Structures are given as structure tokens and as C-alpha cells.
Amino acid sequence: MDSETQFGEFPSMVAIFKEELSEGCKKKLVFRCSGSLIKKNVILTVAHCVVWLDISTLIVRAGEWDLETDKEILNHQDRRVTKVLHPINYKGDFYNDFALVFTKYSFSLQDNIQLICLPSEDDIIIKDKCYTSGWSKTVSYNKYTIVKETESGKTKETGQYKVSILKKYGLTMIPQKKCSIPLNGPQFVLHDSYICVDGIKDMCRNDNGSPYMCPYKDDPDRLVQVGIVVHCGKANTPGTYINVVSFMPWIKNTIYNRPY
């Protein structure tokens, strides 16, 4: 299932922007990547999106839906970043490519801003009902018609407006063995720190950091984040996502033992 989301359908999604100066020295926000809200002031995303940037230029936005408008049912919230932490053995390559982003102030939870559940080893999930979501920096145009009453009668005004609404993608988790061969041949074994996903669409050109979420088997209405989008699939090639449960000890230790 690939479609636009409903407003507030994935309330743990966040957008990460970089503040830049445009012509005329006016500040503008440039979309960098996505992430997920795991604590009121902590975001989980990919390291390569944030670690080499000046954190004073980073803005995290929760509650976003349509990037092209501020006129939504509930307001989004923006927060500045105070710290970015990642595993010390992240070298800028494929491995350990994830980070925790700490905001200066906590987000206020509301219907369109909520925390995502994080996984544990004993979770039982429905692997063929999983989703990821993202904006993919895709802009489309909706048409509109306005009927106006005038002295001479009714007139119609038509036009179009830009939208960049959060999308969702139904993606099935597949076994490691089925994943290794199409990636690099029968001798290749995908590391346990990654999970393999089938049914990939071209959705993450700019959505690295998006959560890969699956429903609990005993509570299908609740989603748990099992992965992070970091490497998209291509035709006949699976996608490989960071396996969040592999790094839960580091995530928990970093959050609870750091005064941020």
C-alpha cells in the first residue's frame, strides 16, 4: 500500500531541517531527512544526515504533514538541537549509521505528536504488515474551484496549489538468507545489525532516517519501530534497514546516562 497518509496517522514522524540563508539574507529551512520521536526531546535518525553539520543550524519539526503549508488541523512544533550523539565506531560508511538528536526543549505531546514504541528481543510482530513513511521531497499539485457570487451571477475561479503530504509505504520484512543473494551473491551474509525489506518503492531519495514500523501481533493497532531507512532497494534488489533492536542497549544507555 503506497499512498498519502491521513493527518496524524504517524504522529511519531519528524522532519529534520537545516537553517540556511537565502538571497537577501533571509533564513529558510531546507529539508534534510526524517526521524522518529522516541522521547519528548530525543529523535532517532541516521548519522550521515546530521553528524557533520553545525547543530546550531538544525531544526527538528514534529507534527508535520504537508511541507507546503502551515494551515493544518493542529500546529506542528519546531525545536532547536543541543546535541547529536552516535556510536564511536561510526566512520561515515554503511555500518552503525544512526544517531540520537537531543532537542533544547521537549515537544508537547498532542494528537499529531506522539512517541514511537521501541523494540525488544521478545517482541512478536506481523512482518507482512509493516510500513515506512516519508515525504520523499515530492511535490504535487491539487486543483481547486471557487464559486463566487457577483452582481452578474455566479463565477468560477480555478487554479492549483502545491502539496507535499507525508506518504506511507507497505513493506514486508524478508529473511536474511533471501536477502543476501540478490545483494551480493550466495557467499554474502547480511550482518545481523540490518534487516531486509522487500517491495521497495523509490521513496527514500530524501527520507533516510524514516522509521520502519510493524504492528505487534497481540496488539495490531500499535506500531513498534524495528528499523531505520538507510539504504533503499532498487529493481529486483531488497532494501536494507538498520535493525533497531541490535542497538537498543546503546540507545538506552546513551539516553539515560547523558544529562541532555
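Okay, before anything else, one term: when I say contact, I mean heavy atoms within 4.5 Å. Keep that in your heads for the helix part. And a caution up front: what you see here is a predicted model.

So, the overall picture. The protein chain has three helices and 15 strands. It runs to 260 residues, and 45% of them count as buried. Now take the contacts with a separation of 6 or more: 68% of those are between residues 24 or more positions apart.

Let's go inside. In general, nonpolar side chains tend to be buried together in soluble globular proteins. Here the largest nonpolar core has 49 residues, and the ones touching the most other members are Ile 38, Ile 43, Leu 44, Val 50, Val 60, Leu 100 and Ile 251. Which strand gives this core its largest share? That's strand E2, residues 13-21, with five residues. There's also another core lying apart from it, with 14 residues, among them Ile 125, Leu 171, Met 173 and Tyr 241. Hang on to Ile 125 and Met 173, please.

Back to Leu 44 for a second. Leaving out residues up to four places away in sequence, Leu 44 touches a long list, including Ile 38, Phe 98, Leu 100, Leu 118, Gly 209, Val 244 and Ile 251.

Ile 251 takes us to helix H3, residues 248-256, where the buried residues are Met 248, Ile 251, Thr 254 and Ile 255. Look down the axis of H3 and those buried residues fall within an arc of 135°, so they line one face of the helix. What about the other side? Over there, Pro 249 and Tyr 256 are exposed. And what covers the buried residues of H3? The cover includes strands E3 (27-39), E4 (42-45), E6 (77-85) and E7 (99-103).

Strand E7 is also where you'll find Phe 102. Its relative accessibility is 0%, and buried means under 20%, so Phe 102 counts as buried. Phe 102 and Asn 41 are 61 residues apart along the chain, yet their C-alpha atoms are separated by 5.6 Å.

Compare His 48, which sits in helix H1, residues 47-50. At 29% relative accessibility, His 48 counts as partly exposed. Not counting residues up to four places away in sequence, His 48 touches Arg 32, Tyr 90, Asp 97, Asn 208 and Val 230. From His 48 to Gly 209 you go 161 residues in sequence, but 9.3 Å in space, C-alpha to C-alpha.

Right, empty space. The largest pocket holds about 380 Å³. Which residues lie nearest its centre? Of the 16 that line the largest pocket, those are Ile 125, Lys 127, Met 173, Ile 195 and Asn 243. So here are Ile 125 and Met 173 again, which were among the residues of that 14-residue core. Strand E11 (167-174) and strand E12 (194-198) each supply at least two residues of the pocket lining. By class, that lining has 10 nonpolar, three polar and three charged residues.

Last stop, the closed space. How many cavities of 30 Å³ or more does the structure hold? One. The largest cavity has about 60 Å³ of space. Its lining includes Phe 10, Pro 11, Met 13, Trp 65, Asn 112 and Leu 166. The residues of that cavity lining divide into five nonpolar, four polar and two charged.

That's my tour; over to you.

Conventions:
Residues are numbered from 1 along each chain as its sequence is written. This is a predicted model: local features need pLDDT of at least 70, side-chain atom pairs count only at pLDDT 80 or more; totals for chains, interfaces and linings use all residues. Side-chain values use heavy atoms; hydrogens and water are left out. On a 1 Å grid over the protein atoms alone, a cavity is a set of points where a 1.4 Å probe fits but cannot get out, and a pocket is an open set with protein on both sides within 12 Å along at least five of seven lines; lining residues have an atom within 4 Å of a point. Grid points are joined across faces, edges and corners, and a volume is the space filled by probe spheres set on the points. Helices (H or I, at least four residues) and strands (E, at least two) are DSSP runs, numbered from the N terminus. Ala, Val, Leu, Ile, Met, Phe, Trp, Tyr, Cys and Pro count as nonpolar, Asp, Glu, Lys and Arg as charged, and the others, Gly among them, as polar. A nonpolar core is a set of buried Ala, Val, Leu, Ile, Met, Phe, Trp, Tyr and Cys residues joined through side-chain atoms within 4.5 Å. Buried means under 20% relative accessible area, exposed over 50%, partly exposed in between (1.4 Å probe, protein chains only). The arc is that of the directions from the helix axis to the C-beta atoms.
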